[in-house]
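Morning, everyone. Please have a look at the structure on the screen, and then I'll walk you through it.

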Amino acid sequence: MATYVISDIHGEYDMFMELLNIINFRDSDILYVLGDVFDRGPKPITALLKIMEMPNVICMVGNHEYMGLPCLEFLVRESTSIKIKDMDEETLMNFRTWQYNGSSTTIEEFLKLDEEIQLDIIDFIKDLSVYEHVRVGDKKFLLVHAGLGNY
């Protein structure tokens, strides 16, 4: 049994799968993903769906999932045509910030899914932890995406 840690997949599903092949990732291994599965690369939702189906992968929230969550919830809620002028200021700012950080591929893939899978993704993101305490052999680790503020 091996323990692996990676971060910032950023939609690079093919490279993620190549990595799993290179390390010969097995069912007895465990993989911690320290967030930022979303955005930038061509297949962020595909990568997230793969992680969701793998029981030996523990995914934590990154800033991209944190930014994207309220926007994805808004997209699921709005089944009619959305006009920017009709968005409240907070939602508009959330989308603007997320778009600036590379959300287009995530949004594009997400909108192609049926609502049930969209809701599964939202629930999965809501359940992601901010940090994990991990022991490997006699060593202890605190895993986190990008820090814990003033901790």
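H10 is buried, because its relative accessibility is 10% and the cut-off for buried is under 20%. Keep in mind that this is a predicted model. Where is H10? It is found in the loop between β1, residues 3-6, and α1. Its backbone also deserves a look. Phi of H10 is near 45°, a positive value, and the residue is not a glycine.

Now N24. Phi here is near 55°, again positive in a residue other than glycine. N24 lies in a loop too, the one between α1 and β2. Is N24 buried or exposed? Neither: with a relative accessible area of 48%, N24 is partly exposed.

Next, salt bridges. How many are there? The count comes to five. As a reminder, side chains of opposite charge can pair when their charged atoms come close. I'll take three examples.

Start with D14 and K43. Their side chains meet in a salt bridge, at 3.3 Å from N to O. D14 sits in helix α1, residues 13-22, and K43 sits in the loop between β2 (30-33) and α2 (44-52), so the salt bridge ties together parts that are 29 residues apart in sequence. K43 has a relative accessibility of 29%, so it counts as partly exposed.

Then K50 and E53. They form a salt bridge, with the closest N and O atoms 3.1 Å apart. E53 counts as exposed, because its relative accessibility is 53% and the exposed class begins over 50%.

My third example is E108 with K112. In this salt bridge, the closest N and O atoms are 3.9 Å apart. K112 is at 64% relative accessibility, so K112 counts as exposed.

On to T105. You will find T105 in helix α5, residues 104-111. Why does T105 count as buried? Because its relative accessible area is 17%, and buried means under 20%. What does the T105 side chain reach? It reaches the backbone oxygen of G41, at 2.7 Å. Leaving out residues up to four places away in sequence, T105 touches D39, R40, G41, P42 and P44. So G41 appears both in that list and as the partner of the T105 side chain.

Last stop, the hairpin. Strand β4 covers residues 131-136, and strand β5 covers residues 139-144. The two pair in the antiparallel sense, over six bridges. Which residues stand opposite each other? E132 stands opposite L143 in β5. H133 stands opposite L142, also in β5. For reading those positions, remember that in a regular strand the side chains alternate between the two faces of the sheet.

How many residues lie between β4 and β5 in the hairpin? Two. One residue in the turn is G137, and its phi is positive, at about 65°. Compare the earlier cases: H10 has a positive phi without being a glycine, and N24 does as well.

That's my tour. Over to you for questions.

Conventions. Residues numbered from 1 in each chain as written. Predicted model: local features only at pLDDT ≥ 70, side-chain atom pairs only at ≥ 80, totals over all residues. Heavy atoms only, no water. Pairing = 2+ DSSP bridges. Helix = DSSP H or I, 4+ residues; strand = E, 2+ residues; numbered from the N terminus. Salt bridge = Lys/Arg side-chain N within 4 Å of Asp/Glu carboxyl O. Buried < 20%, exposed > 50% of the residue type's maximum accessible area, 1.4 Å probe, protein only. Polar contact = N/O pair within 3.5 Å; in protein donor to acceptor, adjacent residues only side chain to side chain. Contact = heavy atoms within 4.5 Å.
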